[in-house]
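Biologist: I have a chain to learn about today, and I would love a friendly tour. Could you put it up for us?

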Amino acid sequence: MSIEKTEAVVLRAINYRDTSKIVTFYTKRYGKMSAIAKGARNPKSKFGSLFQPLNYLQIVFYRRENRELQYVSSSDFVKYFKSLTSNMDKFAIAMSLIEIVNRVMHDEEENERVFGLLVDSLSVLDKVDVLPQNVFVHFGLHLAIDLGFTPNFKDCLICRKLIDLEKERKVCYVIEKGGPLCEKCSANVNESFLFSNSALLVLQSFVRLSSEAAAKAKMEPALQNELSNFVFVYLKKHSDTLKEIRSLKFLAASK
Ligand SMILES: [Zn+2]
């Protein structure tokens, strides 16, 4: 057994026995991990309200390999995202991000890029003058890239010709293969996702933009919905563990 220290984001917390909690973290050094926080629900506990979903913490824990539950011995805030719990739109998106991480990532599978992406996205969501749904789109896109199923938004899957977004107002996209089809090649294809050319342009730019720049890109709600829907369908297609996401109800509600 060893004593370890790592940064972590709380994904979920459930009550355990009389006064404790079982907390699922996404950690920087150990990936997803669950741990018991003894006495965390005791009003006098040193843990206070640290173990709430979305909190970004530094934790110290006793680690034993191959054990399902570790023990947290101490913890503190790295940064407190104040507006995430007071603004309903931000809260819904923030919860969907941690739910996706919780579903997609496996236990003790460390991925510092995904950790960085999560912390960065939550930090940007916490800022003023950001469009929460843009953060979701940017996060989903970059999660796909970090996990190795990078989508292509530029050239036709079959003939490799660049998609002419000036000419093609609607573009067929094959979610499974992660790429678009030109007008000619899409003629005989039934199963595909239909994109507007403006959605494809935004996605091309979001691949390069930081989450903060993406969060500040002004756009119509209809376009935001088209993008969120694509990102969700894309992640779902490429991950077995992402079925229904409760906190993503905003997609259906906002249509
Ligand atoms: Zn083609």
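Modeller: Happy to, and please keep in mind that this is a predicted model. Let us begin with the barrel, which is closed by five strands. The pairing in this barrel is mixed.

Biologist: In what order do the five strands close into the barrel?

Modeller: Going around the barrel, each strand name follows its neighbour in the ring. Neighbouring strands of this sheet are turned against each other by 50 degrees on average, direction ignored. The order is β1-β2-β3-β5-β4.

Biologist: Which residue is the bridge partner of Ala8 in β2?

Modeller: Start with the two strands: β1 covers residues 2-16 and β2 covers residues 20-27. They run antiparallel and are joined by eight bridges. In β2, the partner of Ala8 is Thr27.

Biologist: And on the β4 side, which residue stands opposite Val9?

Modeller: Strand β4 spans residues 56-63, and eight bridges join β1 to it. These two strands run antiparallel. Opposite Val9, in β4, stands Tyr56.

Biologist: What residue of β5 does Leu57 stand opposite?

Modeller: β4 is joined to β5 (residues 69-79) by seven bridges, and the pair runs antiparallel. In β5, the residue opposite Leu57 is Phe77.

Biologist: Which residue in the hairpin of β4 and β5 takes a positive phi?

Modeller: Look at the link in this hairpin, where five residues lie between the strands. One residue there has a phi near 65 degrees, and that residue is Asn66.

Biologist: Which helix lies across β1 and β2?

Modeller: Look for a helix made of residues 88-104. This helix runs at about 110 degrees to β1. Its name is α1.

Biologist: How far apart are the centres of the two domains?

Modeller: The chain is divided into domain 1, residues 1-80, and domain 2, residues 84-255. The separation is taken between their centres over C-alpha atoms. That gives 30 Å.

Biologist: Which elements give two or more residues to the side of domain 1 that touches domain 2?

Modeller: Where the domains meet, 15 residues of domain 1 are in contact with 19 residues of domain 2. The domain 1 side divides into eight nonpolar, two polar and five charged residues. The elements that give two or more residues to this side are β1, β2 and β3 (31-37).

Biologist: Now the helices: are α3 and α4 roughly parallel or roughly perpendicular to each other?

Modeller: Helix α3 holds residues 132-146 and helix α4 holds residues 197-208, with their axes 10 Å apart. Their angle is about 70 degrees. Angles from 65 to 115 count as roughly perpendicular, so α3 and α4 are roughly perpendicular.

Biologist: Which residues of α4 make the contact with α3?

Modeller: The two helices cross in a right-handed way. From α3 come Val137, His138 and Leu141. The residues of this contact divide into five nonpolar, one polar and no charged. The α4 residues are Leu203, Phe206 and Val207.

Biologist: Is the crossing of α4 and α6 left-handed or right-handed?

Modeller: Helix α6 is made of residues 221-238, and α4 packs with it at about 65 degrees, their axes 10 Å apart. Ser198, Ala199, Val202 and Leu203 in α4 meet Leu223, Glu226, Leu227 and Phe230 in α6. This contact divides into six nonpolar residues, one polar and one charged. As for the crossing, it is right-handed.

Key
Residues numbered from 1 in each chain as written. Predicted model: local features only at pLDDT ≥ 70, side-chain atom pairs only at ≥ 80, totals over all residues. Axes fitted to C-alpha atoms, helices over the stretch in contact; angles between N-to-C directions. Helix = DSSP H or I, 4+ residues; strand = E, 2+ residues; numbered from the N terminus. Parallel < 35°, antiparallel > 145°, perpendicular 65-115°, else oblique. Left-handed = near helix turned anticlockwise from the far one by under 90°. Contact = placed C-beta atoms within 7 Å. Nonpolar A, V, L, I, M, F, W, Y, C, P; charged D, E, K, R; others polar. Pairing = 2+ DSSP bridges. Domains from an automatic or database assignment.
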